[in-house]
Amino acid sequence: MKKTLSLTLRQFTKMTAAAATAALIFTSCTKSSVTTNTKPQLPAEAITGTTLKGGAVKGVMLADSTYTVSGDITVLPSDSLVVQAGATINVVNNSAFYIQGTILSQGTKDKPVVFTAPVQQPGQWGGFQCDSAKAVTFLWTKINWTGGPDSSGGTRQTIGISSNIIVDIEDCWFIGGQDNAIGVYAAAQVTILRNTFMGNGTTDGDAIDFHTGVTGTVAYNVLWGGAGSAIKDYTSTTVTIPQTNVVVYNNTCVDNGFRRGAAEPGRGILCDAGSAGKFFNNLLVNNYYGLDITPSADIANVSYGNNFFYATVDSLRGFFYPPGSLGKPQSSDLISTATGNLDPMFVGYTTPPDPSLRIVPSNFDFHVKAGSPTIGKGNPTYNNDIGAYTTDGKGNQH
Amino acid sequence: MPGFYVRLQPQFCAKIFITVSYTIKAILLILLPVILIESAYSQTGKISGRILNAYSKEGLPGASVSIVKLSIQKAADSKGDFEIPGIPAGEYDITFENVGYDTIVQHISLKANQNLKLYAALDQKINTLDSVTIFSRFNKEEEAGARQREKNAANVTNVISAQAMVRSPDINAANVLQRMSGVTIQRSSGGDEAYSVIRGMEPRYNNTLVNGIKIASPDEKARFVQLDIIPSDILSSIEISKSLLPDMEADAIGGTVNMVVKDAPDNASFKATASVGYSQLFWDEKYIGFDKSQIQPLSPIQRNPRGYVTQPGDFSRSNLDFQYQQAPPTGTLGFTYTHRFFKNKLGIIIADNAQNQYYGNISSLYSVSPVNEAVSNDLHAIDVSNYNGYTQQFNNGLVAHVDYVFNKNNRISINNVYIYSYLAQTRFSQDTTLEGTGRTGPGTGQVFANYRSLTQHEHIENLKISGQHLLSENLILDWAGVLSEAGKRAPDRAEITTDFLINSNLTRTGTYFDGISRIWQKNDDKDYTGIINLTWRTKLKPNELEIKAGGLYRSKSRFNSQDMYQLNPPTTNGNGGSTGGKPAWTNIYDAQWSVFNAQGSNAYDPNSYTAGEKVAAGYVMAKFHQKNFDLGGGARVENTQQNFNINTQSLTALTSANIVYTDVLPSIYLKYRLSLKENLRLSYFKSISRPNYYELVPYTIRGVDFNEVGNPYLKHAVADNYDIRYELYPKEDEQIFAGVFYKRIQNPIELALQGVSGGQIEYTPSNFGTAHTYGAELAFTKYWGNFGITGNYTYTHSAITSPKILYYKANHDPNLPQIDSLHVNETRPLQGQADHILNVSLLYKNVRHGFFAQLAYGYQGKTLAEVAVYYQSDYYQTPMSTLAFSLEKDIHKHFTIFGKFNNLLNTPTTLKSQGTLVVATNIYRASYNLGIRYSH
């Protein structure tokens, strides 16, 4: 923190020096000169201490700064926590962020925000528990190694939402969490776009788990190697109104659903109990089950098509649409019949899936090569292409 | 001795004052000497025989026989028998006496070597006690005495005597209570813990006393005491007070259950009992047990230094190794020894009763949810959990009592009751999804199998020191100091979860290891109570006025701790790399796991809290006694301070609170004597019910679909109670009671739907405006020669209004009070209320042959078992009938054999929602017990 702050000071000094020089030039005709110095313009509620030991925190975590969080942080109902681009937050002692107010993480493509732990293994800290949050926004933010137990031994989602709020998660990375990466247990309105989910869930947990009344869009996400389902669309059976109804399109789901065991196979996309939704242009490769629209889904209000199914393991091919479920192959679908047939042509990928991997192998790259059969086969309402990486550049930016 | 109690049992003391000076001449009735002459060779003879109750023909234990001329006095044994050998031949006056009975003097002529048999039948005095005495009493253990106490009590009571309990099919207090008028027993699912519901009022509205003093609770959440752990053999009677007097603790709206433990003896006696039994269930099925030898009493962080990181090897395996075995028989063993020393000044009693029982249940529990709220409020089952329980319960009750009579005006007693209960239980459950993920049709879907082992030790100890002092002719002082302690230790409740899937083609996957949870739970509850009462009375001939005042102070502290560990399939393999997920399940010894929360949950566990309560009470009451009526009343003031402390991880949650309130509680009663055998009672009293300790603690327990949240703002309930009862006592052990009652309860407390937050339904204990309950009770006992019938019937109606979930668009009833688009108000009975309760017992007794038999039938009508969150969907226990049978036969002068046979109809309990949807079933099967009693 000190280091980054001094950097900022140096930059500021340079800037003032430059400005002063310019002023000098313009006023050089006169003899008099005025040199002014002001302190750096920090945000009104800048968080300047670099170690946060827990308690109520509000204000701004500064750009390009490094913080250590060593105790549970609570953002009170009337408070906000803003994290500026380039900030790095190391979380230790299994600490967590309890958001009762607002969180806004403002990473950028060039300067992502990073939340991580010194030990690069699942379950190091408690993530963002936004049970009663007012608003949750994460942009270009990496959130790694979450899922440490809560005080009563329960698992913790990377981002858990339990209130009816607006949730905006775009261009983020979720790596190696122990449980769900995003779990929404409320009638929230979600926008989950262009994120990358890698190796989440140890023996359980979905990358995205909507549990009730959720509405919104899930698109252009890349979801690899999750324990359970990549995207789960579910309406509480006890509170069926409002129902979950989301639009899920152009997601690339690869190698999901193996760590929970055959008794609870994970799905690429699961549309379950009382839920409605639209499921188009998704690329589903080597998931335990592919697209599962279960008998308890609100099938009358489910539409789907232009989904792409591929498997390199013969036994998985029978579960693209799992038998007994309501989902059936659509004429607009692209369904591979053998390894090599309708290969989506990832830039980098090896098979078969290895459920024990929690970090994506460096050679994996789910962009598709030119000539991929995914290109141009999408439902144009959403995109002309299938999968998260699209030729029009609107897709995933990672 | 009993007098020593008197101050502490207000209804009893009231009785004394009612009867004081209300003298009716004793009536001598029958004297039946039978003389047998035997051969005569020595200069002495002996007398022997029995002292009987003239009406019931039952022996009178402890009655005395004396020969004044020889200064010989002897007490009859437990059957009323006596024997005095070595009496020189001659003429004597033999005196037969018993407290509460008329004295008989019989003149005899005894010859050498004669064994003169004498049978003295004593009549009970009508409205006894013609002089002021604080020590006299009726025999609490006899039914006839119980009737007298009901009759003479100032308030509305029902009493059951030890004699009736011994002869009933029942072996614990819970079973006994469920045959009493207006009482049903609420059992936790699985049937282990039993609490009383009185007049449709849940356990929270009743209090439990031992010898008139409130006892600490071994329950980790509530303040009430589970009744199934108290062996009925240590009790001399159970009294239910349905109306309160100012000198009684005020936190009872339904009623007060007072378990009167065997106390001060009049004479020396020794009784012992032993029985064996079996549950039908274990003739039908194997018992499933587990090894207890490796259970750790303390959790890993409790038994290791601070900072210890829990390791997988810290958890034992053998208590999750379940073994099928043949259940051992059930057994009970008990004795009571009484004696008086030093010219009867010092009395002691030691009684112990141990019960070791094996029982089980076969149960199903369904989760239900709306089929389609947009169309209707119909529910359907979405998940079924079939679970079997296999339980060993060992209960031991130990009573020790010492009293010392300094003189006729002063007496001090020490009484200690110690109850210990051990429970070991295996529960196997299989959870099958009926609707939802993984299910594609009938017989398919995910199945979670759970195997749980549990052991727990509970204890209750109640030590009371008390004294009674007749300060003057008009003034009585009595006092008591009580230490009551209770606790529970439930070390290492261990549960494995495994799962498998039945595919759409009905093939089954392998079984996977899902996880293990281990919970160490303990709680301690400690009360210090001090009580003092001063009674002043005067005779305004022929009337009497009594004024009584006193106070009580109690300080309670409670400490709860819970430490939970979650053991998950290993996250790393033997080489340190990540594993590929859940492993296949083989057995507990091969299972590998990681400790998910190595720090345990103790620091922030919602069940780790401390709580305290201080109650200070004072009262003044007066009673005017006149020939035809008693009029009494007064007021009690109770000041309550409750507090709690809990660690919460949430920065904004409450961590402690101090709650203070004071209630002024008036009461008034009139007992009008329509005739010598008839009373008409009218009473009004105000009483309260305090929230349970745990309910105030701001915990949150997150379930899958339901959260349960504590409520520090919960208020105590206050009730106005009205009673009218007509009583007829045709003969001394017969009765007919008919009464009606009405209660108006402000701020009744129930676990309520707080709201729906997203998909999570939140339950919280809440107050609900005003509830009303009214009903009628009828109780009767009647004998025809050797045959008798006893029974009771109660009708209860109650109404409370609370919010329920209903998607209003789907409902077309414009009169329904709508709260918002998803909620309406519904009026329903109070939780736990049954509409009709009927108990009828047929009795046969043949004193001559020492034979007694009882066939007990019970009917419990539709009972609101659980309040559902959905409109018109509460879970009702369907009406049920139970049948039990008991009999006993004297086989020898000192021995009696007996049999107790319970649940002969194999009555299941069934809970239904919306009329027909089954939400739970429990099957227990019959149980049989045979035993032998010795008494001397």
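**Exercise 1. Place strand β27 of chain A among its partners.**

A:R267 stands opposite A:Y289 in β30(A). Starting from this pair, determine which strands join β27(A) and how many bridges each pairing has.

*Solution.* This is a predicted model, in which local features need pLDDT of at least 70, side-chain atom pairs count only at pLDDT 80 or more, and totals for chains, interfaces and linings use all residues. Residues are numbered from 1 along each chain as its sequence is written, and chains are lettered from A and ligands numbered from 1 in the order in which they are written.

Step 1. Fix the terms: strands (E, at least two residues) and helices (H or I, at least four residues) are DSSP runs numbered from the N terminus, and two strands pair if DSSP finds at least two bridges between them.

Step 2. On one pairing, β27(A) and strand β30 (residues 289-293) of chain A run parallel and are joined by four bridges.

Step 3. In another pairing, strand β24 (residues 231-233) of chain A runs parallel to β27(A), with three bridges. Here A:D233 has A:C271 of β27(A) as its bridge partner.

Step 4. Is β27(A) enclosed or not, and why? Five of the five residues of this strand (residues 267-271) are buried, so β27(A) is largely enclosed by the rest of the structure. A residue is buried if 20 or more other C-beta atoms, placed from the backbone, lie within 10 Å of its own.

**Exercise 2. Describe the two chains in outline.**

*Solution.* Step 1. Chain A holds one helix and 35 strands, while chain B holds eight helices and 50 strands.

Step 2. Of the 398 residues of chain A, 57% are buried; for the 936 residues of chain B the share is 50%.

Step 3. Two residues are in contact if their C-beta atoms, placed from the backbone, lie within 7 Å. Among contacts with a separation of 6 or more, residues 24 or more positions apart account for 64% in chain A and 71% in chain B.

**Exercise 3. Identify where the model calls for caution.**

*Solution.* Step 1. The pLDDT is the predictor's confidence in each residue, from 0 to 100. Chain A has a mean pLDDT of 90, and 89% of its residues reach 70 or more. Within chain A, residues 1-9 have a pLDDT below 50, and so do residues 19-30.

Step 2. Chain B averages 84, with 90% of the residues scoring at least 70. Its residues 1-41 have a pLDDT below 50, yet this stretch has 116 contacts in the model beyond near neighbours in sequence.

Step 3. Where pLDDT is low, the predicted coordinates should not be read in detail.

Step 4. For the complex, the predictor gives an ipTM of 0.84 and a pTM of 0.85.

**Exercise 4. Characterise the contact between the chains.**

*Solution.* Step 1. The contact takes 53 residues from chain B and 48 residues from chain A.

Step 2. Which strand gives the most to the side of chain B that touches chain A? That strand is β26(B), with four residues.

Step 3. By class, this side of chain B has 18 nonpolar, 28 polar and seven charged residues. Ala, Val, Leu, Ile, Met, Phe, Trp, Tyr, Cys and Pro count as nonpolar, Asp, Glu, Lys and Arg as charged, and the others, Gly among them, as polar.

Terms used. Buried ≥ 20, exposed ≤ 12 C-beta atoms within 10 Å, placed from the backbone.
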